[in-house]
Amino acid sequence: MGPKRATLLGLLLLLAAAPPARGLDEIGPEEDVSDLLATPPRAEGEDIIPGRRWAVLPEFGYGPDFGPEFGAKFTDRDLASTGITLDVEGLYSLKQREKVGLSIGSPHLGGDRFLVLFNAEYLKDPQRDFFGLGNNNVGSDELSTHLYERAEGQLDVGWRPVPRLALDLGLGLRHLHIGRGDRSDDTPFTVKAFPGLPGVKGGYVVPLEASLVWNTRDGVVRPTHGWRAIVKVSHTNPALRSDFRFTRYLADASYLIPFHDGAQILGLRADGAFIAGKPGHVPFWELEELGGDDTLQGFFPRRFLGTGRALVNAEYRARLGGFTFFRLWYLQFDGALFAGAGRVFIDRDELGRRFAPSDAERVRVAGGPGLRIALSQALVARIDVGFSQEETGILYLAFGHAF
């Protein structure tokens, strides 16, 4: 084994997924739909290695909220030459965080006019921190901690009036259990410290969703140009057997600008979300959030929670090189610099006054360097080190682009 291959194998063994293996949780299915739109059928005579659409690799790494973690991930974007995308992942951390995820979808139904996507996931985190509500000044010290256990599944069906546009309808089922969990110090449990917090004991959410997904990018793993836009409305109420009643409105748009024939890329993103519901009808674990590898790298995951969110991001990527690894994958490396700014909003009603320690109006800013490792046409691993006013050098290791 040559030194280049040995070094690469070491990098692959150090990769680990942060809590989401994709971008924002609220638009996770829509991001998968976007990837389906940008995944064309296999071309006749396609080079088997640069075009390889499957990858399987071990995961081992560290996250700021769950500690050391290990597991495995498998992705195939052309399962058995059917055009079906399959993604399976299993993770376990030394802090007993468990995650199992499955995603399967096809964009090539009815002559490429329809698509279908199914997602399922189980996540158990025995020590999830809560920092209060709003754009507060609590800092990096959590107010409480709790057990967070989530099981969910969702089916989406989409119509493609044009090849790069999908109009989707989705129905999901999500169950949350919030308990006392584990703790390493005298941090109070959320269920005891905030007994009146909406959703503090968990419950069922059954969202009915409609979305528009538009993707003009030239690929999934290393896109160099084009738009990705998502507009989504999600509603749940007791008539759908949900324990809560609220409506979420969300828009997310990003654009990639290439330089020097795609060797350098500038990505820009704008995101906004609002969740409407009466006090007591919106569980705190469904609120809009900022912080973590998919929004503001440099703040602790879920650092800010609110009924609304405004966010802008920028990322510059430059190709560092690539080579074939053991006749399995073609590896491409990009260095990255990223920055983001945003804040959350919360009404100063009874809920805000009781559970938001403060609601500072200043915008939060974070940024730092990163590395992107693309494995053929299968997946991309992302390593970021984020800096902010509160944290210095938080490490994020994830799969998929942030936007």
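1. **A strand pair.** In this predicted model, strands β18 (residues 379-388) and β19 run antiparallel, and six bridges join them. One of the pairings puts R382 opposite A398, its bridge partner in β19. The two strands form a hairpin, with five residues between them. Look at G393 in the turn: its phi is positive, about 70°.

2. **How β19 sits.** Strand β19 covers residues 394-399. It is mostly covered, with five of its six residues buried.

3. **The largest nonpolar core.** This core has 22 residues. Those that touch the most other members are F130, L133, L197, F284, W285 and L287. Three elements give two or more residues to the core: β5 (114-130), β7 (165-179) and α4 (350-355). Nonpolar side chains tend to be buried together in soluble globular proteins.

4. **F284 up close.** Which residues does F284 contact, leaving aside its neighbours within four places in sequence? They are F130, H146, I178, L197, P198, G199, V200 and L305.

5. **Salt bridges: E26 and R309.** The count of salt bridges comes to 26. In one of them, the side chains of E26 and R309 meet at 2.8 Å, N to O. E26 lies in the loop between α1 (3-13) and α2 (28-37), and R309 lies in strand β15 (residues 308-325), so the pair ties together parts that are 283 residues apart in sequence. Both E26 and R309 are buried.

6. **E31 and R228.** These two also form a salt bridge, with the closest N and O atoms 3.4 Å apart. The pair links distant parts of the chain. E31 is in helix α2 and R228 is in strand β10 (residues 226-236), 197 residues apart. Are the partners buried or exposed? E31 counts as buried because its relative accessibility is 4%, below the 20% cut-off. R228 is buried too, with a relative accessible area of 6%.

7. **E209 and K232.** Here the side chains meet in a salt bridge at 3.2 Å, N to O. E209 belongs to strand β9 (residues 208-215) and K232 to strand β10, and the two residues are 23 apart. Both E209 and K232 are buried.

8. **A shared network.** Some salt bridges share partners, and these join E26, E89, K99, E121, R150, E152, R174, R248, D271, E286, E288 and R309 into one network. Side chains of opposite charge can pair when their charged atoms come close. Start at E26 and R309, whose side chains meet in a salt bridge, and trace the network from there.

Definitions and conventions
Residues are numbered from 1 along each chain as its sequence is written. This is a predicted model: local features need pLDDT of at least 70, side-chain atom pairs count only at pLDDT 80 or more; totals for chains, interfaces and linings use all residues. Side-chain values use heavy atoms; hydrogens and water are left out. Buried means under 20% relative accessible area, exposed over 50%, partly exposed in between (1.4 Å probe, protein chains only). Helices (H or I, at least four residues) and strands (E, at least two) are DSSP runs, numbered from the N terminus. Two strands pair if DSSP finds at least two bridges between them. A nonpolar core is a set of buried Ala, Val, Leu, Ile, Met, Phe, Trp, Tyr and Cys residues joined through side-chain atoms within 4.5 Å. Contact means heavy atoms within 4.5 Å. A salt bridge is a side-chain nitrogen of Lys or Arg within 4 Å of a carboxyl oxygen of Asp or Glu.
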